[in-house]
Amino acid sequence: MTTAPAKNKASRAKAAQSNDSRIDAMLLPQIANMHGMEIEGGGARECGRCWTIDPAYGRGSCWYLAIDDAAALTVFDLLFTETVSLAVAVPICFCFGSYGRNMIPYFSSLIESENGWESGTLLGYAWRGGVCRETVPPGERLVLASISLLPDGAAEIARAIGTDPITLTTAIARLDGSWRIPALSRLFDELKVACPSRTVAEAYYRCKMMEACALVVDWSEKNAQSDAMRMRAVDRTSLNLACAFAREHLGDPIELDDLCRAACTSPSKLASLFRNAEGTTPIGWVRDRRMEHACELLASTDNPISVIAERVGYSRQGSFSEAFKERFGMTPQRYRSLNRTTR
């Protein structure tokens, strides 16, 4: 039997190892520059490390989980009220994920694109090492769910999913913001709100990282010689217009005809755009955004559930609670208790 002092010694050794890890060395300076204040125990996710932003500089949270000190899952949702400057040394790594539209300018030099989607844009890039310098202006919400792989992490995951590191990292680099991979987008959306129990949390996130890498390789191999999943600029504009209209009217009744008028296109064309780009129907996409906005309001406001229901388009609190539980497997009250952020 392991004695208590031995357990404590092992815990201290493990903590010291974590504090000296390569993932911490890569991410902690960035979070410090963003004025993060750490929450003990990994926050609501009960694993990894979590911070809230110092209220003097903004609001929001950032979280990451290191996997074998060679990879990391990261979820940020930030809004600064003051200009924030970042200057951090980043080692060679390969990153991909779903990034909010306001984040695209920070990656334009890496992906040679300044255009994205109204909803999360899938981006991937290889960072060759060096100092990353950025200035983040106030008033722009920055949202991301991403995976970062150090070279040995990429090699290990490539072996685990039955491919080689070159194939995996090449697939990651192909994500230039113009492609839509509905299954991968849904995976990153799930990561933004997932709160698995402490017992299975690390295994859950490890599996999600493997799944994401497998999905991006599968997509790359199927589309290596085809532009079938790349959307024309005019169609992307139509889709973005419909999405923007929906976000501005989440509290109002929204019909398919409303979205078609906003997008200046026909119902059949709009349905095709959403099916190919988002893997769902236009109205299904609206329902998902209503639930997404409800999560934001539950976590960041004191509004009663009835008020939140109305703000996301539900006239009855009961109907909203039923829809929310069906989508997330928990009641709105339970979600709020698990995801409450300091404001």
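Rings of Phe, Tyr and Trp form a pair if their centres lie within 6.5 Å. The close-up views below come from a predicted model.

**View 1. Ring pairs link Tyr314, Phe320, Phe324 and Tyr335 into a cluster.** The structure holds nine aromatic pairs. In the pair of tryptophan 179 and tryptophan 219, shown in View 2, the ring centres are 5.3 Å apart and the planes stand at 75 degrees, so the pair is edge-to-face. Tryptophan 179 is buried, with a relative accessible area of 2%. Within the cluster of this view, the rings of phenylalanine 324 and tyrosine 335 have centres 5.6 Å apart and planes at 75 degrees, so this pair is edge-to-face. Phenylalanine 324 belongs to helix H13 (residues 317-328) and tyrosine 335 to helix H14 (residues 332-339), so the pair ties together parts 11 residues apart in sequence. Phenylalanine 324 is buried, with a relative accessible area of 0%. Tyrosine 335 also counts as buried, at 5% relative accessibility.

**View 2. Tryptophan 219 lies in helix H7 (residues 201-222).** Its ring partner, tryptophan 179, is in the loop between helix H5 (165-173) and helix H6 (182-193), and the pair links distant parts of the chain, 40 residues apart. Tryptophan 219 counts as buried, at 5% relative accessibility. Over the ring of tryptophan 219 sits the charged end of arginine 174, 4.9 Å from the ring centre.

**View 3. Threonine 74 is a residue of strand S4.** Threonine 74 has a relative accessible area of 6% and is therefore buried, as the limit is under 20%. Neighbours within four places in sequence aside, threonine 74 is in contact with Leu27, Trp63, Tyr64, Leu144, Ala145 and Ser146. One of these residues, tryptophan 63, has arginine 45 over its face, at 4.5 Å from the ring centre.

**View 4. Aspartate 68 lies in the loop between strand S3 (58-67) and strand S4 (71-80).** Most residues other than glycine have a negative phi. The phi of aspartate 68, however, is positive, near 55 degrees. Aspartate 68 is exposed, with a relative accessible area of 53%.

**View 5. Cysteine 264 is found in the loop between helix H9 (256-263) and helix H10 (267-278).** Although cysteine 264 is not a glycine, its phi is positive, at about 55 degrees. With 69% relative accessibility, cysteine 264 counts as exposed.

Methods: Residues are numbered from 1 along each chain as its sequence is written. This is a predicted model: local features need pLDDT of at least 70, side-chain atom pairs count only at pLDDT 80 or more; totals for chains, interfaces and linings use all residues. Side-chain values use heavy atoms; hydrogens and water are left out. Helices (H or I, at least four residues) and strands (E, at least two) are DSSP runs, numbered from the N terminus. Buried means under 20% relative accessible area, exposed over 50%, partly exposed in between (1.4 Å probe, protein chains only). Contact means heavy atoms within 4.5 Å. Rings of Phe, Tyr and Trp (its six-membered ring) pair if their centres lie within 6.5 Å; planes under 30 degrees apart count as stacked, over 60 as edge-to-face and the rest as tilted. A charge sits over a ring if NZ of Lys or CZ of Arg is within 6 Å of the ring centre and within 35 degrees of the ring normal.
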